[in-house]
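Colleague: I am new to this structure. Please pick one part, look at it closely, and then place it within the rest.

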Amino acid sequence: GAYEALGRLYRGIIVNSMKQYVMLGDPAVQTKNIQGDDDDRWVFTEDNPRRELTTAAQLAAAARVLYSFNENLCRKALKAAQELFEVTEVRESKNAYDFAGSSAKDALLAKIHAATELFITTREQKYSDFLLSETETIVNNMEKVAWFVCRAEKYIGDEYFTRAIHAALPELKRELDILKAETPYGIPYRPHVWGAGWMIQRQGYEYFFLHKAYPHIFTPEMVFDALNFVLGCHPGSNNMSFASGIGTKSALVAYGWNRADWSFCPGGVISGTALIRPDFPELLEFPYLWQQTEYVLGGGSSHYMFLVLAAQWILGEG
């Protein structure tokens, strides 16, 4: 909808005053629901090739799923993805960064992601040709692109491309094994401001595709380890599950839709245990610490659901 209305993507929609922003409780009362008055939201945009190309990849993937039950929305999603792929430039700036903080390299890797999803969805040669032209970039950045390129490699059917990908896989496996060995939890734990739960879920999510594509190289343990971390196998004295309502002890106070009423949303997934200087793991039952107990839909809850389904699939139950 944003793309059709604006001809570009937007970063977000936000209230326009501090009074609205700091309001606690039900956010529905932030507005009088009168169009054109002084409490209208603001839409803010940015010039960010990496984000636009990543969204193109997501729209192309969504189109595949939408086709079977909403063909009209499928066409719209695919059209937007194809147009974004064509018009979004991957460019170098004077400092190798655009003002949104994305490097030209980040944007190129996002374009490889978009080409991958568009090729899987459409099987059009121009997208496979783009991937083949970036073989060297792909091989040199396997830690970032292998999880999605692996799904297109077998369909492309280019002997040189396949050999190059397969030759790089053992080194990627070695690097992942080093990361897994950093902690007794089987996954790297490197939180900054937020707890690392969401990033760990994402690592498990991406790793699943490597396991599925190359099970003889990538064993499934990291998927289970990421899920176990979220469910309570993590550092700190508070070992509750990060998924509200899941497990015998879980996060039942969170910074979510109703921020101030000490409530929770069943299935909401918090970022979890954070490191507090001087590096003590901490997870308090206090909703205002959004860096520990904030809910998000993108990544937090969706990656958790994916990991559960992935574990069932690996165990032969899915």
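Modeller: Start with E117 and R151, which form a salt bridge with their closest N and O atoms 2.5 Å apart. A salt bridge here is a side-chain nitrogen of Lys or Arg within 4 Å of a carboxyl oxygen of Asp or Glu. The pair links distant parts of the chain, 34 residues apart: E117 belongs to helix α5, and R151 to helix α8 (residues 142-156). Helices (H or I, at least four residues) and strands (E, at least two) are DSSP runs, numbered from the N terminus. Both E117 and R151 are buried, where buried means under 20% relative accessible area, exposed means over 50%, and partly exposed is in between (1.4 Å probe, protein chains only).

A word on the source. This is a predicted model, in which local features need pLDDT of at least 70 and side-chain atom pairs count only at pLDDT 80 or more, while totals for chains, interfaces and linings use all residues. Residues are numbered from 1 along each chain as its sequence is written, and side-chain values use heavy atoms, with hydrogens and water left out.

By the salt-bridge rule the count comes to 16, and a few others can be set beside the E117 pair. K180 and D177 meet through their side chains at 3.9 Å, N to O. These two lie in one helix, α9 (residues 159-180), 3 residues apart, which is about one turn of the helix. K180 counts as buried because its relative accessibility is 15%, whereas D177, at 32%, counts as partly exposed. E182 forms a salt bridge with R190, with the closest N and O atoms 2.4 Å apart. Here E182 is partly exposed, with a relative accessible area of 39%, and R190 is exposed, with 51%. Elsewhere, K32, D37, D38 and D39 are linked in a network of salt bridges.

The loop after helix α5 (104-122), the helix that holds E117, has a feature of its own. R123 lies in the loop between α5 and α6 (125-133) and has a positive phi of about 60 degrees although it is not a glycine. The relative accessible area of R123 is 41%, so R123 is partly exposed. N33, in the loop between α2 and β2, likewise has a positive phi, near 60 degrees, in a residue other than glycine. N33 is exposed, at 66% relative accessible area.

The elements on either side of N33 also take part in a surface patch. I14, M18, Y21, V22, W42 and F44 make a nonpolar patch of about 640 Å². Two elements, α2 (18-21) and β2 (42-44), each give two or more residues to it. Such patches are made of residues with over 30% relative accessible area and no salt bridge; like charges are joined within 9 Å, and nonpolar side chains (Val, Leu, Ile, Met, Phe, Trp, Tyr) within 5 Å. M18, in helix α2, is exposed, with a relative accessible area of 60%.

For a buried polar residue, turn to Q201 in helix α10 (residues 197-213). Q201 has 0% relative accessibility and so counts as buried. Its side chain reaches the backbone oxygen of G300 at 2.8 Å. Leaving aside residues up to four places away in sequence, Q201 touches V230, V269, G299, G300, H303, Y304 and L307, where contact means heavy atoms within 4.5 Å.

G267 sits in the loop between α11 (221-230) and β3 (274-276). With the same sequence neighbours left out, G267 touches S244 and S301. G267 and S244 are 23 residues apart in sequence and 5.1 Å apart in space, C-alpha to C-alpha. At 31% relative accessibility, G267 counts as partly exposed.

Now the whole protein. Its secondary structure comes to 13 helices and 4 strands. The radius of gyration is 21 Å, close to the 20 Å that the globule rule gives for 318 residues, so the protein is as compact as a globular protein of that length. That radius is taken over C-alpha atoms, and the globule rule is 2.2 Å times the number of residues to the power 0.38. Along its principal axes the C-alpha trace spans about 60 × 55 × 45 Å. Buried residues make up 46% of the 318 residues. Among contacts between residues at least 6 apart in sequence, 65% join residues at least 24 apart. The protein exposes about 17300 Å², of which carbon and sulfur atoms supply 56%; accessible areas come from the Shrake-Rupley method with a 1.4 Å probe, and for residues only the protein chains shown count as cover.

Key: A polar contact is a pair of N or O atoms within 3.5 Å; within protein, one must be able to donate a hydrogen and the other to accept it, and residues adjacent in sequence count only if both atoms are side-chain atoms.
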